[in-house]
Amino acid sequence: MAEGLVVSKFSKPADLIVTKRNLSTIQHLKDKKIQISTGNKQAVKKSDVIILAVKPFQVAGVLEEIKDELTSAKLFISVVTGVTIAEIDGIIKKKLPMFRAMPNTAIAIQQSMTCLCSQHASIAQVNYVTELFSTVGKVVTIDEELMEAATILGACGTAYAMRYIRANIQGGIEIGFDAATASLIAAQTVKGAADLLLIKGTHPEQEIDKVTTPKGCTIAGLNEMEHQGFSSSLIRGVVTSYRKIAK
Ligand SMILES: NC(=O)c1ccc[n+]([C@@H]2O[C@H](COP(=O)([O-])OP(=O)(O)OC[C@H]3O[C@@H](n4cnc5c(N)ncnc54)[C@H](OP(=O)(O)O)[C@@H]3O)[C@@H](O)[C@H]2O)c1
């Protein structure tokens, strides 16, 4: 996220402080003039915007450490899965502009899909945080009650897409391509298919109609996939993942 914000020129590297306990894994950020530190409290004190990105079980400890430095003049953004704004409020025991964001790993290449919700934030603050995440991908504002669903579709969705691409690669090898060529064709084809929807705003079925010749190979393969439960297995996978985290 830090690197994305610098690459997109949203932030100057020297304005960013990245904290963690073991700094050896983020020395490369220091080389890029981003500040690195183990001091959460001091970093929060010096900052206007705080992004919390620890594992859910680490949240309470970090919030206890920094809560005295959190004031209503600061913006607080949590990307932690499954921890609600009310739960954060309950630990810090004060109300400040609070955001939950659910980005995905494509944030590393400024191609995240980030779902955002907020509480106690002004329109200007919502616009600022939307702009922040827009520099590293696309942003949609949702109700907080949809954050778990956003985790499944937006963040777990990366893994689902990877499995789909991997299966295509395996099929591609069986019909004659070497692994590297099959990987390139499968990944770029999925990227192009996604861009058709994003850029043209069409429905998937409209794009499918364009490549399914009557009695042709595409419809024969697609129908066989459906006979084997393709769409149904994906929907059931999404719902199973959701049931695992829904409260
Ligand atoms: N990966 C995703 O696609 C994704 C998407 C959306 C949201 N999320 C959420 O984002 C959060 C982080 O995920 P991740 O995959 O980035 O996990 P991660 O790689 O384990 O990162 C957590 C980081 O927190 C640091 N940390 C832990 N305790 C700390 C403390 N007391 N003070 C300072 N730093 C501390 C860890 O470094 P040290 O151990 O060195 O301190 C580590 O760098 C999770 O809640 C996850 O659910 C992840």
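## Strand pairing and selected residues in a predicted model

The mean positions of the 28 positive and 23 negative charges of the protein lie 6 Å apart. This value, like every other one in this report, comes from a predicted model.

### Overall description

The protein has eleven helices and seven strands. Its C-alpha trace spans about 70 × 40 × 30 Å along the principal axes. Of the 247 residues, 31% are buried. The accessible surface comes to about 15,300 Å², and carbon and sulfur atoms account for 59% of that area. Where contacts between residues at least 6 apart in sequence are considered, 54% join residues at least 24 apart.

### Strand E5 and its neighbours

Strand E5 covers residues 98–102 and is mostly covered, with five of its five residues buried. Its side chains divide between two directions: Met-98, Arg-100 and Met-102 point one way, while Phe-99 and Ala-101 point the other way. Arg-100 is thus listed among the buried residues of E5.

E5 has pairing partners in E4 and in E6. Strand E4, residues 75–78, pairs with E5 in the parallel sense over three bridges, and within this pairing Phe-76 stands opposite Met-98. The connection between E4 and E5 involves helix H5 (residues 85–92), and the three elements make a right-handed β-α-β unit. Strand E6, residues 112–119, pairs with E5 in the antiparallel sense over five bridges. Here Arg-100 of E5 stands opposite Cys-117 of E6.

### Extension through E4 and E3

The residues of E4 also point in two directions, with Leu-75 and Ile-77 on one side and Phe-76 and Ser-78 on the other; all of them are buried. Strand E3 (residues 49–52) pairs with E4 in the parallel sense over four bridges. The bridge partner of Leu-52 in E4 is Ser-78. From E3 the chain crosses through helix H4 (residues 59–66) to E4, and this β-α-β crossover is right-handed.

### Extension through E6 and E7

Beyond its pairing with E5, E6 is joined by five bridges to strand E7 (residues 137–141), and E6 and E7 run parallel. Thr-114 has Val-139 as its bridge partner in E7. Helix H6 (residues 123–134) belongs with E6 and E7 to a right-handed β-α-β unit.

The pairings described above are collected below.

| Strand pair | Sense | Bridges |
|---|---|---|
| E3 and E4 | parallel | four |
| E4 and E5 | parallel | three |
| E5 and E6 | antiparallel | five |
| E6 and E7 | parallel | five |

### Residues in loops and in helix H8

Lys-93 lies in the loop between H5 and E5, within the stretch of chain that leads into the central strand of this description. Lys-93 has a positive phi of about 55 degrees although it is not a glycine. With a relative accessible area of 68%, Lys-93 is exposed, because this value is over the 50% cut-off.

A positive phi is also found at Lys-215, where the angle is about 65 degrees and the residue is again not a glycine. Lys-215 is placed in the loop between helix H9 (204–211) and helix H10 (217–227). Its relative accessibility is 88%, so Lys-215 counts as exposed.

Pro-13 occupies the loop between helix H1 (2–7) and strand E1 (17–19). Pro-13 counts as partly exposed because its relative accessibility of 23% falls between the 20% limit for buried residues and the 50% limit for exposed ones. Leaving aside residues up to four places away in sequence, Pro-13 touches Val-6, Lys-32, Lys-33, Ile-34 and Gln-35. Pro-13 and Thr-105 are 92 residues apart in sequence, and their C-alpha atoms are 21 Å apart in space.

Ser-183 is found in helix H8, which covers residues 179–200. Its relative accessible area is 28%, and Ser-183 is therefore partly exposed. Ser-183 and Ser-78 are 105 residues apart along the chain, and 35 Å separates their C-alpha atoms. Ser-78 is the E4 residue already named as the bridge partner of Leu-52.

Note on methods: Residues are numbered from 1 along each chain as its sequence is written. This is a predicted model: local features need pLDDT of at least 70, side-chain atom pairs count only at pLDDT 80 or more; totals for chains, interfaces and linings use all residues. Side-chain values use heavy atoms; hydrogens and water are left out. Buried means under 20% relative accessible area, exposed over 50%, partly exposed in between (1.4 Å probe, protein chains only). Two strands pair if DSSP finds at least two bridges between them. A crossover is right-handed if, with the strands pointing away from the viewer, the path from the first strand over the helix to the second runs clockwise. Contact means heavy atoms within 4.5 Å. Accessible areas come from the Shrake-Rupley method with a 1.4 Å probe; for residues, only the protein chains shown count as cover. Lys and Arg count as positive and Asp and Glu as negative; His and the chain ends are not counted. The place of a charge is taken as NZ of Lys, CZ of Arg, CG of Asp or CD of Glu.
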